[in-house]
Each structure stands twice: as C-alpha cells, then as structure tokens.
Amino acid sequence: MQETTEIFWLWQFLGRLHPLVVHFPVSLLCVALLLEIVGWRRKSTELRAGITALVWIGAVSSVIAVALGLLLANQDEYGGDTVTIHQWTGIATMVLACITVFALRTNRTPLYKSLLFLTVGGVTLAGHYGAMLTHGEDYLTEVLPFNREKGGEKSDGTN
C-alpha cells in the first residue's frame, strides 16, 4: 500500500502564485537590458538609477519566483523532463541575476554587461520551458509556416 502525503494548503496556494509572480522579474530584467542598450548607444548615464533599481528588484523578485516555483513543482500534478529543465533554468537564471547585481554593485562593468545579457537569455530559456508546461510543447512553433500544409491547415487537419 502506497502512502500519500497531503501538502499543506498554504504551500499549495503560494506555489500557485508562481505563474503570476514570475512575470515580474522577467519584465524588469528585460526592460533593464533594453534601457542599458539605449544608454550604451547614447553614451548616457541618465538612466543609471532606474536601471540599477530594475536589476536589483528583478534579482530579488527572481528569488521569490523560484521559491514559489519550487513549491508548485512539489505538487502531485507536476513532473517530467520539461518541469525539470524549467526548474533548473529558472534556478540558474536567478543565480545569474544575483551575480549580475554583485557585478553592478562592485562596478565591474564589462562583467555586469555580459551577465545581464546572459540573465535575459536565461529568462528567455526558462520562460520557453514554462510556456511549454502551460500551453503545450508546440505552442510557439505550431503557427510557423513549415508546420502547416497547403491551405493554411496544420498537419492534423485543423486550422
């Protein structure tokens, strides 16, 4: 006989906040990179305070998003390779975001710039696997022309 352990309702509730909370650090870190690129092109420092705040808040909120994601992943209905890849790319992205803050704080500008690009790359990769979990494995690619047959129909005969 297999014993099942019921998860405390608060952990379940908090875990289910992960999809809501995770979009906050994603957007902040992406906007920080976009503003950095604008600042680099203009050779301007007028955006520095805002960018610094975005990177800090993005890194701190990524820690919260990972914690909630780990709570969600430990619920019964989640498992498989996609969850594992999403989990570890999310954790790696959080670590990158925290190291990015360290590089920014210690004025290691070349390292900071590289890490910010890597962090946003990690956000993209983790987000892709997260979308696969919620929308299906072919969500992104199903609309591409090479996945459609003549007449705009997919290979399974639907539009």
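Two aromatic rings, from Phe, Tyr or Trp, count as a pair if their centres lie within 6.5 Å, the six-membered ring being used for Trp. In this structure, which is a predicted model, a search of the whole chain finds 3 such pairs. One of them joins Phe8 and Trp9, whose ring centres are 5.7 Å apart and whose planes stand at 55° to each other. The pair is called tilted because its angle of 55° is neither under 30 degrees, which would be stacked, nor over 60, which would be edge-to-face. Phe8 and Trp9 also belong, together with Trp11, to one aromatic cluster. Phe8 is partly exposed, with a relative accessible area of 42%. Trp9, at 57%, is exposed; the cut-off for that word is over 50%.

Now take the chain as a whole. Its secondary structure consists of 6 helices and 0 strands, so the pattern read along the sequence is α-α-α-α-α-α. The chain has 159 residues, and 29% of them are buried. Its accessible surface comes to about 10,600 Å², with 63% of that area belonging to carbon and sulfur atoms. Among the contacts in the chain with a separation of 6 or more, 69% are between residues 24 or more positions apart.

The interior comes next. Which residues of the largest nonpolar core touch the most other members? The core has 17 residues, and the ones in question are Ala32, Ile51, Val55, Tyr112 and Leu116. The elements giving two or more residues to this core are H3, H4, helix H5 (81–105) and helix H6 (109–135). H6 supplies the largest share, 5 residues. Ala32 shows what such contacts look like at a single position: setting aside residues up to four places away in sequence, Ala32 touches Ile51, Leu54, Val55 and Leu116.

Two further buried positions can be followed in the same way. Thr119 lies in helix H6 and has a relative accessibility of 0%. Because buried means under 20% relative accessible area, Thr119 counts as buried. With residues up to four places away in sequence left out, Thr119 touches Leu29, Thr93, Leu96, Ala97 and Thr100. Gly58 is found in helix H4, and Gly58 also counts as buried, at 0% relative accessibility. Beyond its neighbours within four places in sequence, Gly58 is in contact with Pro25, Leu28 and Leu29. Leu29 therefore appears in the contacts of both Thr119 and Gly58, where contact means heavy atoms within 4.5 Å. Gly58 can also be compared with Val22: the two are 36 residues apart along the chain, and their C-alpha atoms are separated by 10.0 Å.

Charged side chains give another set of links. How many salt bridges does the structure hold? There are 2. In one, Glu36 pairs with Arg48, and the closest N and O atoms are 2.8 Å apart. Glu36 lies in helix H3 (residues 23–42) and Arg48 in helix H4, so this salt bridge ties together parts that are 12 residues apart in sequence. The partners differ in how much of each is accessible: Glu36 is buried, with a relative accessible area of 1%, whereas Arg48 is partly exposed at 33%. In the other salt bridge the side chains of Glu46 and Arg42 meet, with 3.8 Å from N to O. Here Glu46 is exposed at 61% relative accessibility, and Arg42 is exposed at 57%.

The last stop is a nonpolar patch on the surface. Phe24, Trp56, Ile57, Val60 and Ile64 form this patch, and together they have about 460 Å² of accessible area. Which helix gives the largest share of the patch? That is helix H4 (residues 48–73), with 4 residues. One of the patch members, Trp56, is found in helix H4. Trp56 has a relative accessible area of 37%, which makes it partly exposed. A residue needs over 30% relative accessible area to be part of a patch, so Trp56, at 37%, meets that requirement.

Helix H4 has come up several times along this route. Trp56 and the buried Gly58 are in helix H4, as is Arg48, the partner of Glu36 in helix H3. Helix H4 is also among the elements that give two or more residues to the largest nonpolar core, and it provides 4 residues of the nonpolar surface patch.

Technical notes:
Residues are numbered from 1 along each chain as its sequence is written. This is a predicted model: local features need pLDDT of at least 70, side-chain atom pairs count only at pLDDT 80 or more; totals for chains, interfaces and linings use all residues. Side-chain values use heavy atoms; hydrogens and water are left out. Patches are made of residues with over 30% relative accessible area and no salt bridge: like charges are joined within 9 Å, nonpolar side chains (Val, Leu, Ile, Met, Phe, Trp, Tyr) within 5 Å. Accessible areas come from the Shrake-Rupley method with a 1.4 Å probe; for residues, only the protein chains shown count as cover. A salt bridge is a side-chain nitrogen of Lys or Arg within 4 Å of a carboxyl oxygen of Asp or Glu. Buried means under 20% relative accessible area, exposed over 50%, partly exposed in between (1.4 Å probe, protein chains only). A nonpolar core is a set of buried Ala, Val, Leu, Ile, Met, Phe, Trp, Tyr and Cys residues joined through side-chain atoms within 4.5 Å.
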